[in-house]
Amino acid sequence: MRAWVASASRPGTVESVVLPVPVPAGDELLVRVAACGVCRTDLHVRDGDLPAHRTRVVPGHEAVGEVVAAGPDATGPAVGTRVGIPWLRRTCGTCAFCGRGQENLCPSSLYTGWDADGGYAEYATVPAAYAYALPQGCAEEELAPLLCAGIIGYRALRRADLPPGGHLGIYGYGASAHLTAQIALAQGASVHVFTRSPAARDLAVRLGAASAADPSAPPPRPLDAAILFAPAGELVPLALRALGSGGTLSIAGIHLSAIPPLDYRRDLFRERTVRSVTANTRADGRALFALAAERPLRVMVTPYAFDRADRALDDLAAGRVSGVAVLRVRPAGS
């Protein structure tokens with residue numbers, strides 16, 4: 001099968017290779033991949049921002065495809081079912097975190113496209129218990145981004161403790177942010193977007209944001225909550241200063257550059273809170289797909305042919321992607 005790998009010895013690049021089709025382990029499914037989202041976490045894997053867990057790994061954890069085989073102990077989606085392969089690949093199920101519904105904090109958790117080969121390939125495996133059954137009638141390219149950008153954004157919004165009808169600030173406006181903003185709007189929030197990209201600001205307004213400005217600009221009014229999607233630590237003080245009393249800043253990324261020193265009275269006093277977001281639970285994913293079924297999200301896709309995966313990553317790194325980049329691993333109808 002055709003695939004792309006990121007090499008720990010060559011950070012900043014991915015290589016097109018031919019690999020054997022993987023064999024599913026006992027509880028795993030083998031999926032013929034149709035589409036795979038290009039996530040900023042894939043960039044962090046490619047560039048070495050995240051420590052390498054494998055010498056050469058196939059990135060990609062927003063994969064949609066058809067089950068074509070199953071291990072002898074796999075239960076759940078049958079052969080022929082369309083499923084999604086997400087970031088969270090496996091947890092121990094027995095630790096204190098797993099026991100209290102916080103499997104995203106499991107110390108033994110494993111991740112697709114980091115610990116195991118992911119969706120930048122024609123075939124990929126997934127433990128059956130961690131695959132998502134996907135709704136019919138939606139294009140693979142539009143479903144793929146929901147498997148990480150959508151789920152992580154949903155969790156980040158929950159962590160932000162936005163009150164009903166509140167004012168939400170969103171810093172950075174890429175794949176996850178443009179989906180999260182739509183969820184917040186559907187829940188009755190006013191959304192204020194802060195991004196350096198004029199094109200992203202235009203998109204935010206077209207999708208319903210009440211305002212869109214450069215991150216250095218103050219909000220039109222104090223924010224009740226904010227989410228930082230951009231992996232830029234220098235935005236943390238700006239976002240905190242934009243919060244009103246009792247506001248919460250939720251930091252959504254898996255990687256963040258250094259945060260400058262904070263001034264307690266200016267940045268944190270008045271019970272402002274900072275929260276991180278670590279991966280997600282399967283319950284988050286199920287809740288996100290239930291929301292999307294009730295009120296379909298407008299997924300702004302920039303498609304790339306599978307043999308342009310390297311270009312898609314470069315464009316994402318350079319800020320040239322509007323919405324979310326998605327690889328067409330298998331041409332439509334094939």
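Which elements do the buried residues of helix 5 pack against? The close-up views below, all taken from a predicted model, begin with that helix.

**View 1. Helix 5 and the elements that surround its buried residues.** Helix 5 has 12 residues and reaches 18 Å from its first C-alpha to its last, close to the 16 Å expected at 1.5 Å a residue. The helix is mostly covered, with nine of its 12 residues buried, and these buried residues are Ser-176, Ala-177, His-178, Leu-179, Thr-180, Ala-181, Gln-182, Ile-183 and Ala-184. They pack against two other helices, helix 4 and helix 9 (282-294), and against strand 11 (167-171), strand 12 (190-194), strand 14 (223-228) and strand 18. Just after helix 5, Gly-188 takes a positive phi of about 95°.

**View 2. Ile-227, a buried residue of strand 14.** Ile-227 has its place in strand 14, and its relative accessibility of 0% is why this residue counts as buried. Leaving aside neighbours within four places in sequence, Ile-227 is in contact with residues including Ala-156, Leu-157 and Ala-160, with Leu-168, Gly-169, Ile-170 and Tyr-171, and also with Thr-180, a residue that is itself among the buried ones of helix 5. Further contacts of Ile-227 include Leu-249, Ser-250 and Ala-252. Although Ile-227 and Ala-181 are 46 residues apart along the chain, their C-alpha atoms are separated by 10.0 Å.

**View 3. The largest pocket and its lining.** About 1100 Å³ of space lies in the largest pocket. Of the 48 residues that line this pocket, the closest to its centre are Arg-40, Gly-174, Phe-229, Ala-230 and Pro-231. Two or more lining residues come from each of helix 1 (40-47), helix 4 (149-159), helix 5 (175-186), helix 6 (198-206), helix 10 (309-317) and strand 18 (324-328). By class, the lining has 30 nonpolar residues, together with 13 polar and five charged ones.

**View 4. Cys-92 and Cys-106, two cysteines without a disulfide between them.** The structure holds zero disulfides, and for Cys-92 the nearest cysteine sulfur, that of Cys-106, is 3.6 Å away. Because a disulfide requires the two sulfur atoms to lie within 2.5 Å, this separation of 3.6 Å is too far for a bond. The surroundings of the two residues can be described separately: Cys-92 counts as partly exposed, at 31% relative accessibility, whereas Cys-106 is buried, with a relative accessible area of 3%.

Conventions:
Residues numbered from 1 in each chain as written. Predicted model: local features only at pLDDT ≥ 70, side-chain atom pairs only at ≥ 80, totals over all residues. Heavy atoms only, no water. 1 Å grid on protein atoms, 1.4 Å probe; cavity = no way out; pocket = protein on both sides within 12 Å on 5 of 7 lines; lining within 4 Å. Points joined across faces, edges and corners; volume = space filled by probe spheres on them. Helix = DSSP H or I, 4+ residues; strand = E, 2+ residues; numbered from the N terminus. Nonpolar A, V, L, I, M, F, W, Y, C, P; charged D, E, K, R; others polar. Buried < 20%, exposed > 50% of the residue type's maximum accessible area, 1.4 Å probe, protein only. Expected span 1.5 Å × (residues − 1). Contact = heavy atoms within 4.5 Å.
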